[in-house]
There are 2 protein chains.
Amino acid sequence: MTRALTVSIDAMGGDAGPGIVVSALLKTILRQPDVQFILHGDEAQLQPLVARQPKLKSRVTIEHASGQVSMQDKPSHVLRRGRDTSMWHAIQSVKDGAADVAVSAGNTGALMAVSMFGLGIIEGISRPAIATIWPTLRGQTIVLDVGANVSATEEQLVDFAVMGEAFAHVIFGLARPKVGILNVGAEEQKGNDGVKGAAQILRHSNLPIDFHGFVEGDDIAKGTVDVVVTDGFTGNIALKTAEGTARLVSAYLRQALKRSLFSKLGAVIASGALHTLRRKLDPRTQNGGVFLGLNGIVVKCHGSADAVGFASAIDTAIDMARADINARIASDRSAIAAESAGARAGEL
Amino acid sequence: MTRALTVSIDAMGGDAGPGIVVSALLKTILRQPDVQFILHGDEAQLQPLVARQPKLKSRVTIEHASGQVSMQDKPSHVLRRGRDTSMWHAIQSVKDGAADVAVSAGNTGALMAVSMFGLGIIEGISRPAIATIWPTLRGQTIVLDVGANVSATEEQLVDFAVMGEAFAHVIFGLARPKVGILNVGAEEQKGNDGVKGAAQILRHSNLPIDFHGFVEGDDIAKGTVDVVVTDGFTGNIALKTAEGTARLVSAYLRQALKRSLFSKLGAVIASGALHTLRRKLDPRTQNGGVFLGLNGIVVKCHGSADAVGFASAIDTAIDMARADINARIASDRSAIAAESAGARAGEL
């Protein structure tokens, strides 16, 4: 008998504590009737929370972990001293084969370090990346890397394209996702050597992608492509700049609506619509990032996520576990490596 | 007798043609009674436009240029073949000393190439940068480089800090501007070698700045610092990502307000406030970028600017010409170079 699809959860990771994890599970178990859950964390806290919810009884196992990674802990410290933490145990469950995927709302740097140490990297991929799903005028776009690395070579950008393509295939159900490389202009001659070299490789690859070429910063929100490839330095700054801009525009809107009695009245009447807008822009409803390129799947939930956000991160994790994304990444990557080797031999 | 402060204008550069340049001048001459203007471009088009405005007669000189740089022209092509263009002539007036500053709404890459070729770089500065003024929750912040270069070494980032500090001094009147370097985290150990090296130099410099350390993408719109230093690749992508996000949020707002009769009614009543918001987010009201680091001042107006935007670019140009920003940049840069040399000698 094969075991059910199992999700390993770091129950102590987020800012809000294990309460929201249990609330998230109450949502998830209805949507996902065939999935089991392992909660890693302080048994004394978790046991009573779970015991109060009879529906969770047959679906959730608690595994005690005495330690906890804080948001301030350095990744190197956690690697040396963190073996008793709920984060470490959550990754270990995936490594041991007890679970198919791990979810944590904890410290991103520590989670990446523990995940790399525990799971290792897919053969042929040189560095893992963090992918995020970005809201656009047309729907959603995957952007990666948004912070696993502070630079990327052309080969690493190609790795990210392969991983983003597999992610778009799994999450959006696209047979041939449209992939673009983030750059300072759309013309072929623009940009640094990394993006130009990666574009050159992707233009001639036989990957199941529609390679669009370069895209610019404003193309992300336009939804010009399904996958935007960039290095983790630029991607992280673009992501946070967008968050800051959304907050700035919301603040301008609030100021403008408070300026006169008429505009205040209008705001009251339109309050339902303005509430919808606020929810759409609330970073807590975003589900954080997915770590790609590891021998195992890890989903990083936003540290300040509420139950809705955490439940959505669990859903993403289950979709990815079901679709076996890593087999696709490994086979695409080796196909590209073979093509590159062939092209080099052809030049001799 | 010394001549009046004179602005050299590429009258053929923007998308909208010379008409908006003349409309902009009608606004500017009232605010700037002591300034003269040279319009470079097709005399047959410019002469009748200016002749219709008697107020401009004593303030504007037209200098004929037969050619024109298009938005599609490659910088290298313009350098080889563009000597008869209005853009080239506009820069040449600054080089010859006939004008104190140049303004163009033309092709950015070509304008940078022609400006570097014509004016040269300030001694001690290795690369020019494009600086822009970014709206924030607290007011305005200068961000540079937003697109003159596709990478930056630590020394070049220090150059940008020096230039941004001088710009903040001139435009915002700050004695000790707060300067931050854009990075993926605020902690000292984060980021690539370039940003870490630049932070190290600035932390120990005696520049008249308040060096804040690293800032993240969302700190730009928060207004955490007065000057945000970054390489042109990241800066350009951050700027365009912010523009795209502002448009996305506006589109969400429009959708939300159209959803029900009540919210439509609210939107009608609050329409004045929503119009104010739209104007604040309209990229045409931004005045583009300032080229810093050249032996002469060049202001790049947004290609799609209207008369208000072009007039605001001219105002910025005049402020910079009056303040003699380049003397400050040159003296700050040589002070830092001397400090670095001293520090190196101290290590022997």
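In this predicted model, the domain assignment divides chain A into domain 1 (1–122 + 293–323) and domain 2 (126–289). The C-alpha centres of domain 1 of chain A and domain 2 of chain A are 26 Å apart. The contact involves 20 residues from domain 1 of chain A and 17 residues from domain 2 of chain A.

On the side of domain 1 of chain A that touches domain 2 of chain A, helix 5 (108–119) and helix 12 (307–323) of chain A each contribute at least two residues. Helix 12 of chain A gives the most to this side, with 8 residues.

A second contact joins chain A and chain B, with 51 residues taken from chain A and 52 residues from chain B. The elements of chain A that give two or more residues to the side touching chain B are helix 8 (217–222), helix 9 (232–258), helix 10 (261–269) and helix 11 (271–281). Of the elements, helix 9 of chain A gives the most to this side, namely 21 residues.

The residue classes on the two sides are as follows.

| Side | Nonpolar | Polar | Charged |
|---|---|---|---|
| Domain 1 of chain A, touching domain 2 of chain A | 10 residues | 7 residues | 3 residues |
| Chain A, touching chain B | 28 residues | 15 residues | 8 residues |

Helix 12 of chain A thus belongs to the side of domain 1 of chain A that touches domain 2 of chain A, while helix 9 of chain A belongs to the side that touches chain B.

Conventions. Residues are numbered from 1 along each chain as its sequence is written. Chains are lettered from A and ligands numbered from 1 in the order in which they are written. This is a predicted model: local features need pLDDT of at least 70, side-chain atom pairs count only at pLDDT 80 or more; totals for chains, interfaces and linings use all residues. Two residues are in contact if their C-beta atoms, placed from the backbone, lie within 7 Å. Helices (H or I, at least four residues) and strands (E, at least two) are DSSP runs, numbered from the N terminus. Ala, Val, Leu, Ile, Met, Phe, Trp, Tyr, Cys and Pro count as nonpolar, Asp, Glu, Lys and Arg as charged, and the others, Gly among them, as polar. Domain bounds come from an automatic or database domain assignment.
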